[in-house]
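Here are some short exercises to work through with the model on your screen. Try each task on your own before you read its solution.

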Amino acid sequence: MCDMRGLRSPRPVVVVGGLVAVVVVAAVGMLALGSRGMVIVSVVGPLVGIIGLFVTITGQRASSVSNDRLRESAQELARKVRDQEANALARLMADSGDPKPADVSFTQPAPPYSRVDGGDPRGTLREVEKYYRSLGRGRMVVLGAPGAGKTVLAIQLVLDLTAAVLGAADGTRSLPRVPVRVSLPAFDPGADSDMVRPTVLSTRLDDWLIQHLVTVFGLTATVAAALVTGGWILPVLDGLDEMDHDGTAPRRAASVIRAVNQPSAGGVRPVVITCRTSRYQQLRGRGESAGAAATQPQITANAGRRDVVQDATVVDVEPLLGSSVVDYLTYRFPDPADQTQVEARWHPIIERLTADDSGSDFLAAALGSPLRLFLTATAYRDDTSTPAELTALATAAELDDHLFTQLVPAVLEEHPPEGRQYAAPKVTEWLTTLAGHLAWQGEHGGSRSDLRLDLLWPAAGWCAPRYAAMAATTTAASVLFTFGVLPRWPPDVRSVLGLGTLVAVSAWVALRPTVDLRRLDLSGLRTFAGRRRTGLLLAVGLAAGLVGGLTIAPVSTAVGLMGRLVVTLQCGALGIVGSFVIGLGSGPTSRPAAIDRPARLVQQGMAHTITAIVATCLTFLLTDKLISGGLAAGGVGALVAGLATWLAIGVANGREIGPVIGLAAGLAVGLRNNLPFAVVALVVGLIFAANSPWPRYLFATLLLARRGDLPRRPAAFIDWAYEAGLLRLSGIAVQFRHREFQTWLATRGHGGRQGAP
């Protein structure tokens, strides 16, 4: 999950102010040199001024967006949303052509949870768009039991609303809000969400929505921000109940409610939220039902607090009527001889449904759940199958076990993987491994529903993947160490110490429980935000190089004005080149917030790791060429080189690992005459690889494939499961499409995992 506060670039005034500060500090330092210092400042000042002017101009150009451009962007967004949701509905219904879900109905509870926003006491899925239009403020909360069809209702509402947006494309009418459905578990309101003001939570929610529009639909950050803050977007927040772990206080869910209750864009925020009824009731009385997981201070602070969406119409999704089930089966499986009748093989099921007058038939009650109706239609899609065998079952538990057993073979037959041979028993076993890993995550403080590929490695054991990654990294670094030292035997003690430090750092980084997830996406350079972030990295590199030059020059071997000036300009060039190379490797990067398919996370992450290694090696080698013979300043030079390296690498790759790499590399840079510079560069590149989750992911996939728990390419398998409708995306995580299927798999799965985090 992504926190936009860590991704958004500083405002232009901050950048310009920082550059001016660099010039002022440099000027004060150089004035001590007399008139010669003024000459150097006169060379450096205009260059920094040009960068500041460029940042200011580009910032002003991006500060405003015309209303016509926003209208065009909103219409294009509506088209993309329509296509995305149509595909999502087809996967959810496991149907092609024009999939039509069963016509579920919903009612307003009595008494209401809070002030309502209008609407009739009752509505249906077929008329959900008309029902929503009747609300005064456009605020609706959809509740229901597990598998009741809340997500299907939300998707249908989005499809109907986007049709209305595209219908107003002629410009003669005002453009309705564009509905955008997002998965709420991907939103992180922050660890301090219980303490900050609702205005802060509302801003964080806006930032997250903006980032979603940028990463998923390709909008520029400026246009996305204008659409969200200007009231052009209707957020459809799906899965409020899945934000917090089961059995814990709904802290994150309550933060979302506080955010949407905060006025936004000139008034109360129109919003649609889906949530399980039990969780919303818990939110309604958090003080009484938070559970043992909440601490006493939390219970005291939340006593009497009612976290409900104010001025919103709450509706409860009801079980399907028998007539609705019959209509759905008739539409899905029409008789070839009479399209108004259902296929003959479904007649025993239809008879059970029509004969259940008292509502005591378990089969009729079970098929009243959209989930079980979907499972039934999926399991008996084939014309040669016999749905009548369902009538021989005696209990709902037997029905569930039978339908879940049939699900994988039916899906595999409908969606055979391209270029691969998956057997139904193996697919079930692989899905069981994923469900068991999610159960393990939940037992150790993680999410029970969100499966991230970068966090899949503990499925092979808590220790084995980390130890394997550490052994591989340390072995490679040791080999480089040997090649760097043996040609210069007997080695210099300081050289051995410097390179040995880098080897130790690589082992420590590879063994850490936590790693840094980043992605490489060069398409970000097409957006203003991506170009600005890369430009800021260049500015930081330039400032670091100039500061390094101004610091090293007085202590360098050069004694004349021209000598100091050359050293300063060399360091400036070093800063530009270093930050340019590292910026291309790490500048267009971020912690991913959304992906279009599960395997994309692996592809972008590995591309980032490889590019960061190459960029680091090139930076060090170019450093050697640029300053060869000009910066032999002993310990001071090593320290300053380490500082400059930390500034360039730390900004691009995080505060935690940047100082360690920078200072260790600085020591090696100071001793570059005693070691091959290429060896130092490669060892530092290995540290970047060790700080990535993908080495341990690769070792974990080998171990899991050897045991038969997952295929050799789990990312490709999860991609197929997503396309087949067994899994769904939530930000950068995948979830089981049906929580009940996940629970069924976990209860039949194999044992737990090794160790604990």
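The expected span of a helix is 1.5 Å times one less than its number of residues. Keep in mind that this is a predicted model.

**Exercise 1: The span of a helix**

Task: Compare the expected span of helix 6 with the distance between its end C-alpha atoms.

Solution:
- Step 1. Helix 6 covers residues 198-217, which is 20 residues.
- Step 2. At 1.5 Å a residue, the expected span is 28 Å.
- Step 3. The end C-alpha atoms are 28 Å apart, so the two values agree.
- Step 4. Now look just past the helix: G218 follows helix 6 and has a positive phi, near 75 degrees.

**Exercise 2: Two backbone features**

Task: Find out what kind of peptide bond runs from A110 to P111, and what sign the phi of D311 has.

Solution:
- Step 1. Start with the general rule: most residues other than glycine have a negative phi, and most peptide bonds are trans.
- Step 2. The bond from A110 to P111 is cis, with omega near 0 degrees.
- Step 3. Locate P111 in the loop between strand 1 (105-107) and strand 2 (122-124).
- Step 4. D311 is not a glycine, yet its phi is positive, about 55 degrees.
- Step 5. D311 belongs to the loop between helix 11 (296-302) and strand 7 (313-317).
- Step 6. The relative accessibility of D311 is 15%, and buried means under 20%, so D311 counts as buried.

**Exercise 3: Two helices that pack**

Task: Describe how helix 16 and helix 17 pack, and which residues meet.

Solution:
- Step 1. Mark helix 16 at residues 396-414 and helix 17 at residues 424-443.
- Step 2. Their axes are 9 Å apart, and the packing angle is about 115 degrees.
- Step 3. The crossing of helix 16 and helix 17 is right-handed.
- Step 4. From helix 16, V408, P409 and L412 take part; from helix 17, their partners are A424, V427, T428 and L431.
- Step 5. Sorted by type, the residues of this contact are 6 nonpolar, 1 polar and no charged.
- Step 6. Zoom in on T428 in helix 17. With 12% relative accessibility, T428 counts as buried. Beyond its neighbours within four places in sequence, T428 is in contact with V408, L745 and R748.

**Exercise 4: Buried or partly exposed?**

Task: Decide whether H402, A366, C275 and C463 are buried or partly exposed.

Solution:
- Step 1. Recall the cut-off: buried means under 20% relative accessible area, and partly exposed lies between that and 50%.
- Step 2. H402, in helix 16, has 18% relative accessibility, so H402 counts as buried. Leaving aside neighbours within four places in sequence, its contacts are Y380, E389, L390 and L393.
- Step 3. A366, in helix 14 (residues 362-367), has a relative accessible area of 8%, so A366 is buried. Not counting residues up to four places away in sequence, A366 touches R372 and L399.
- Step 4. C275 has a relative accessible area of 0%, so C275 is buried.
- Step 5. C463 has 28% relative accessibility, so C463 counts as partly exposed.

**Exercise 5: Looking for disulfides**

Task: State how many disulfides the structure holds.

Solution:
- Step 1. A disulfide is a covalent bond between the sulfur atoms of two cysteines.
- Step 2. The structure holds 0 disulfides.

Technical notes: Residues numbered from 1 in each chain as written. Predicted model: local features only at pLDDT ≥ 70, side-chain atom pairs only at ≥ 80, totals over all residues. Heavy atoms only, no water. Axes fitted to C-alpha atoms, helices over the stretch in contact; angles between N-to-C directions. Helix = DSSP H or I, 4+ residues; strand = E, 2+ residues; numbered from the N terminus. Left-handed = near helix turned anticlockwise from the far one by under 90°. Contact = heavy atoms within 4.5 Å. Nonpolar A, V, L, I, M, F, W, Y, C, P; charged D, E, K, R; others polar. Buried < 20%, exposed > 50% of the residue type's maximum accessible area, 1.4 Å probe, protein only. Disulfide = S-S within 2.5 Å.
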